[in-house]
Every structure is written in structure tokens, then in C-alpha cells.
Amino acid sequence: MVHQKSNHRQENYAPNKPFHYIILFFDNSKANKRAGKKSPMDFRKQTKIGARINENYEQLKFGLGYDHNWVLNKHQELEPMIATVYEPTSGRFMEVWTNQPGIQFYCGNFLDGKVKGKNGVMYQYRTGLCLEAQHFPDSQNKPDWPSTVLKASKTEPYRQTTIYKFSVK
């Protein structure tokens, strides 16, 4: 069976204020060719999420912003950390670890003010973000990518682990 498990939880530490900063610790190989140095897809240094989102860049146009998968540095164990998110107004800080090979970063490109959230807040365009640990989209069609085939096994159960650690800076 081919599977692609993920968790589509959205974060926003300052309701309807897209002031979050992010770092993604990704593999700087040809697998991340669109995330080259100085491109709006390079988040290896702390970067305000909206700082480059409107640049004239083909991949941003395809997703109406960030909605892309990055190949992570290491994915067999829960070390090293794969991402951080920081919201400076509140000081909220999130760290992420996973055993998955990729992370999908989505930034609320399809929020339109019609979805009501906690305390009646209406979620506006690009005011949320998701970091979804997962395999790569289209893995089942790429034999040299990590496999998404799930085999029946009593001795090797499927396990996917993602840890989100929250603190204040």
C-alpha cells in the first residue's frame, strides 16, 4: 500500500499578523535546487516569512506563496532539529524534530477571512503557517526517493514521529 501521512496543523502566534520568522534546516543538494542561496525559498537563516513572498519567482507563483516541500538534512532519527518558528511580539518560539525525509511549508495562501478560529478570529490571507513532516510528494513515482510503500509486517510496524516543542524567548 502506498501511503503519505502528514499533519496539517496551522500555527499563528499573533492572530492575523504575519510577523513570524522561520529557519528550515534543509539539505543543500540538487534535491532542493529551487532553494538556492539568495532565492526566496532559502530559509537556512532566520527570515521573516513574508519578506520575499511576493518576489517574481516561478515557484511562489505556482503555490500563490509558500506551499512547498524541502528535503531535510537527516531524517532517520529525531536529531538534528529541522525547523524553528519565532514570533517576536509575543516571544513564542517553536522547535521541530521529525524522522521524516521532508517538510512541507505552507503559509496560509488560501485563507480568505471566511474561516472562524479561536475566540471568533477570522483567519485572513497568509496569516497562518503549517510545517508538515512527510515524505516527498510524488515519492511513489520516483524509485530513487525514500519509499512510501507500506508493507504488512508484524515485526516492523510503521512509525512516524514529529515533535513540536514550544517555549518563550
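Which residue forms a salt bridge with Glu 95? Keep that in mind while you set up the view; the tour comes back to it.

**Before you start**

This is a predicted model, in which local features need pLDDT of at least 70, side-chain atom pairs count only at pLDDT 80 or more, and totals for chains, interfaces and linings use all residues. Residues are numbered from 1 along each chain as its sequence is written, and side-chain values use heavy atoms, with hydrogens and water left out.

Colour the chain by pLDDT, the predictor's confidence in each residue, from 0 to 100. The mean for the protein chain is 81, and 79% of its residues reach 70 or more. Among the elements, S1 has the lowest mean pLDDT, at 82, while S10 has the highest, at 93. Element names follow DSSP runs numbered from the N terminus: helices are H or I runs of at least four residues, and strands are E runs of at least two.

**Stop 1: strand S4**

Select residues 83–87, which make up strand S4. Five of the five residues here are buried, so the strand is largely enclosed by the rest of the structure. (Buried means under 20% relative accessible area, exposed means over 50%, and partly exposed lies in between, using a 1.4 Å probe and protein chains only.) Turn the strand to see its two faces: Ala 83, Val 85 and Glu 87 are buried on one side, and Thr 84 and Tyr 86 are buried on the other.

**Stop 2: the neighbours of S4**

Now add residues 21–24, strand S1, which pairs with S4 in the antiparallel sense over four bridges. Two strands count as paired if DSSP finds at least two bridges between them. Look for Tyr 21, which stands opposite Tyr 86 in S4.

Next, add residues 92–98, strand S5; S4 and S5 are antiparallel too, joined by five bridges. Tyr 86 faces Phe 93 in this pairing, and Thr 84 stands opposite Glu 95. The two strands form a hairpin with four residues between them, and Gly 91 in the turn has a positive phi of about 85°.

Zoom out to the whole sheet. What is the order of its five strands? This open sheet runs S2-S1-S4-S5-S10, with antiparallel pairing. S2 (47–48) and S10 (162–168) stand at the edges with a single partner strand each, so one side of each has no neighbour in the sheet.

**Stop 3: the salt bridges**

Here is the opening pair: show the side chains of Glu 95 and Lys 165, which form a salt bridge with the closest N and O atoms 3.8 Å apart. The pair links distant parts of the chain, since Glu 95 is in strand S5 and Lys 165 in strand S10, 70 residues apart. A salt bridge here is a side-chain nitrogen of Lys or Arg within 4 Å of a carboxyl oxygen of Asp or Glu. Glu 95 is buried, with a relative accessible area of 14%, whereas Lys 165 is partly exposed at 43%.

The structure holds three salt bridges. Go to Arg 44 and Asp 42, where the closest N and O atoms are 2.7 Å apart. Asp 42 counts as buried at 12% relative accessibility, and Arg 44 is partly exposed at 23%. Then pick Lys 142 and Asp 138, with their closest N and O atoms 3.8 Å apart. Lys 142 is partly exposed at 31%, and so is Asp 138 at 33%.

**Stop 4: the three-strand sheet**

Select S3, S6 and S9, which form an open antiparallel sheet in the order S3-S6-S9. S3 (67–71) and S9 are the edge strands, each pairing on one side only. Five bridges join S3 to S6, and the bridge partner of Asn 69 in S6 is Gln 104.

**Stop 5: the nonpolar core**

Which residues of the largest nonpolar core touch the most other members? Of its 23 residues, they are Ile 22, Leu 24, Tyr 66, Trp 70, Ile 103, Phe 105 and Leu 131. S1, S4, S5, S6 (102–106) and S9 (130–134) each supply at least two residues of this core. Such a core is a set of buried Ala, Val, Leu, Ile, Met, Phe, Trp, Tyr and Cys residues joined through side-chain atoms within 4.5 Å.

Finish by centring on Leu 24. Leaving out residues up to four places away in sequence, Leu 24 touches Phe 43, Arg 44, Trp 70, Ile 82, Ala 83, Ile 103, Phe 105 and Leu 131, where contact means heavy atoms within 4.5 Å.
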